[in-house]
Amino acid sequence: MRQARIVPLVVATALFMENTDSTVLATSLPAIAADMGEDPIALKLALTSYLVSLAIFIPISGWAADRYGARTVFRWALAVFMAGSLACAAADSLGWFVAARFLQGMGGAMMVPVGRLVLLRSVPKGELVQALATLTIPALVGPVIGPPLGGFITTALHWRWIFFINLPIGLAGILLATRYFQDIKEEARPPLDLVGFVLSGIGLASLMLGLASSGRHLLPEAASWACTGAGLVLCGLYLAHSRRVAHPVIRLDLLRYPTFRAAVLGGSLFRIGTGAIPFLLPLMLQLGFGLDPLHSGLITFAAAAGALFMKTIAARILRAFGFRAVLTLNAVVAAGLLAINGLFTAGTPHALIIVVLLIGGCFRSLQFTAVNAIAYADVDPRDMSAATSLASVAQQLSLSIGVAFGAFALQSAAEWHGRTEIRAEDFWPAFLAVAVLSGLSTLSFRRLAPEAGAEVSGHRIVQAKPAADAT
């Protein structure tokens, strides 16, 4: 019981730092773009470069934890993340800033998946939903305080100071991990699939770089298309390679578990839609409605506050209704609330915007809690490390695609009207497009069995009595 309480809180330190960093940065993007003399949409590269780095290095996070020990890898990952934060604070160009964010991603690729792996191996399945909720409650404090904190620092001081927030948090995480983490290793570990790591890493990086740099930001248009094409080819070569080796770095065979498959495929589609929110919402409030970073942050934090509230009751909702019912219906409701964001105008009362964001945050949080819990409901303990890596890769790729897709939809809306600058009326088509993608995820969740994940959620399926027993 003590382990089930302490380990999630230690892992939450890493999540708190990562989530605070991303939400603070999202609020400050327009100011950073202005300081560097760049188009604000070009700063999507700062978000996607981090996610690309995660996608490259997450596949070996499980192997590294098994080889060198979870506690050792977790502590080094925190140190690398802090080094990347210092590099971001010193950046004076878009290229430097993107590279520094990539370094941050190398640390994030190890600290969060490895921390989650420690949790999964330390907590009984019956306590998994509650442990995951405990894990994310402190972590969600970051997104709550991140937007107003980033807005205040950017408005009152300078955007560079936002990256120094990570230093004391990271040090606290290292100290807590040293005291409370077991240095879990796997004696019977497979060899590292180096060829697969190179193919998947370069392939995913090229694919995401091509998608993120479209629109002639940092790379010419031809180079963006070349990166996208090369990424698709290399990812295809990895698929062929993974079928020929005994221990591929990304084990796609784990999709044989129905609950894991639904969580990865449906969860990815849902995240593509919601992944655009941190990019689109601050831009709409600041570029479209003319708010300063502080007032923008004081509005956008509402979504995280709603998510924080939902974590306190998510386990009870899943216990009452089961995974399939919650995931199927909730995906549609959350997508509808996302689409409503596109109806906001400069004249919409801020109180109404906050209420919509608060409710939307509740439903998105419930979806993520359910997806994260059911993903590992049926996975064999021996496959847990590989499953964690695959699920984390899918999660980060979908978020990265979401940012790129949201930016593409925003640019396309402006170009449809024959201009290059972004205006307030360009945001509603972008929000509608990402909302449709999120809603389509319900098709994957509908294929789950009614009793799917019952061992994790505690939901009981009431079976109808046979006719012979009814008398």
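I take helices (H or I, at least four residues) and strands (E, at least two) as DSSP runs, numbered from the N terminus.

**Ground rules**

I am working on a predicted model, where local features need pLDDT of at least 70, side-chain atom pairs count only at pLDDT 80 or more, and totals for chains, interfaces and linings use all residues. Residues are numbered from 1 along each chain as its sequence is written, and side-chain values use heavy atoms, with hydrogens and water left out.

**Entry 1: Arg179**

I started with Arg179, which lies in helix H7. Is Arg179 buried or exposed? It is exposed, at 66% relative accessibility; my cut-offs are under 20% relative accessible area for buried, over 50% for exposed, and partly exposed in between (1.4 Å probe, protein chains only). I also looked up its distance to Arg71: the two are 108 residues apart in sequence, and their C-alpha atoms are 9.6 Å apart in space.

**Entry 2: H4 against H7**

Arg71 took me to helix H4 (residues 70-90), which packs with helix H7 (residues 166-180) at an angle of about 170°, the axes being 9 Å apart. That angle makes H4 roughly antiparallel to H7. From H4, the contact uses Arg71, Phe74, Arg75, Leu78, Ala79, Phe81, Met82, Ser85 and Leu86. From H7 come Asn166, Leu167, Gly170, Leu171, Gly173, Ile174, Ala177 and Thr178. I sorted the residues of this contact into 10 nonpolar, five polar and two charged.

My terms here: axes are lines fitted to C-alpha atoms, for helices over the stretch in contact, and angles run from 0 to 180 degrees between N-to-C directions. Angles under 35 degrees count as roughly parallel, over 145 as roughly antiparallel, 65 to 115 as roughly perpendicular and the rest as oblique. Contact means heavy atoms within 4.5 Å. Ala, Val, Leu, Ile, Met, Phe, Trp, Tyr, Cys and Pro count as nonpolar, Asp, Glu, Lys and Arg as charged, and the others, Gly among them, as polar.

**Entry 3: the whole chain**

Stepping back, I found 19 helices and zero strands in the protein chain. Of its 471 residues, 58% count as buried. Among contacts with a separation of 6 or more, 85% come from residues 24 or more positions apart.

Which residues have the most contacts inside the largest nonpolar core? They are Phe97, Met111, Phe260 and Phe279, in a core of 131 residues. A nonpolar core is a set of buried Ala, Val, Leu, Ile, Met, Phe, Trp, Tyr and Cys residues joined through side-chain atoms within 4.5 Å. I followed up Phe279: leaving out residues up to four places away in sequence, it touches Leu29, Pro40, Ile41, Lys44, Leu47, Val403 and Ala407.

**Entry 4: Thr154**

I found Thr154 in helix H6 (residues 128-156), and it is buried, with a relative accessible area of 13%. What does its side chain make a polar contact with? The partner is the side chain of Ser28, at 2.7 Å. For a polar contact I need a pair of N or O atoms within 3.5 Å; within protein, one must be able to donate a hydrogen and the other to accept it, and residues adjacent in sequence count only if both atoms are side-chain atoms. Beyond four places in sequence, Thr154 touches Ser28, Ala31, Trp159, Ile162 and Pro293.

**Entry 5: H13, H14 and H15**

Ala314 is in helix H13 (residues 314-321) and is buried at 0% relative accessibility. Not counting residues up to four places away, Ala314 touches Leu366 and Thr369.

Asn330 belongs to helix H14 (residues 323-340) and counts as buried at 5%. With the same sequence exclusion, Asn330 touches Phe363, Leu366 and Gln367.

Leu343 sits in the loop between H14 and helix H15 (350-374). Unlike the buried entries, Leu343 is exposed, with a relative accessible area of 65%. Leu343 and Phe431 are 88 residues apart in sequence, with 8.9 Å between their C-alpha atoms.

Ile353 lies in helix H15 and is buried at 1% relative accessibility. I found that Ile353 touches Ile299, Phe344 and Thr348, not counting residues up to four places away.

**Entry 6: H3**

My last stop was helix H3 (residues 61-68), whose buried residues are Ser61, Gly62, Ala64, Ala65 and Asp66. Just after H3, Gly69 takes a positive phi of about 100°.
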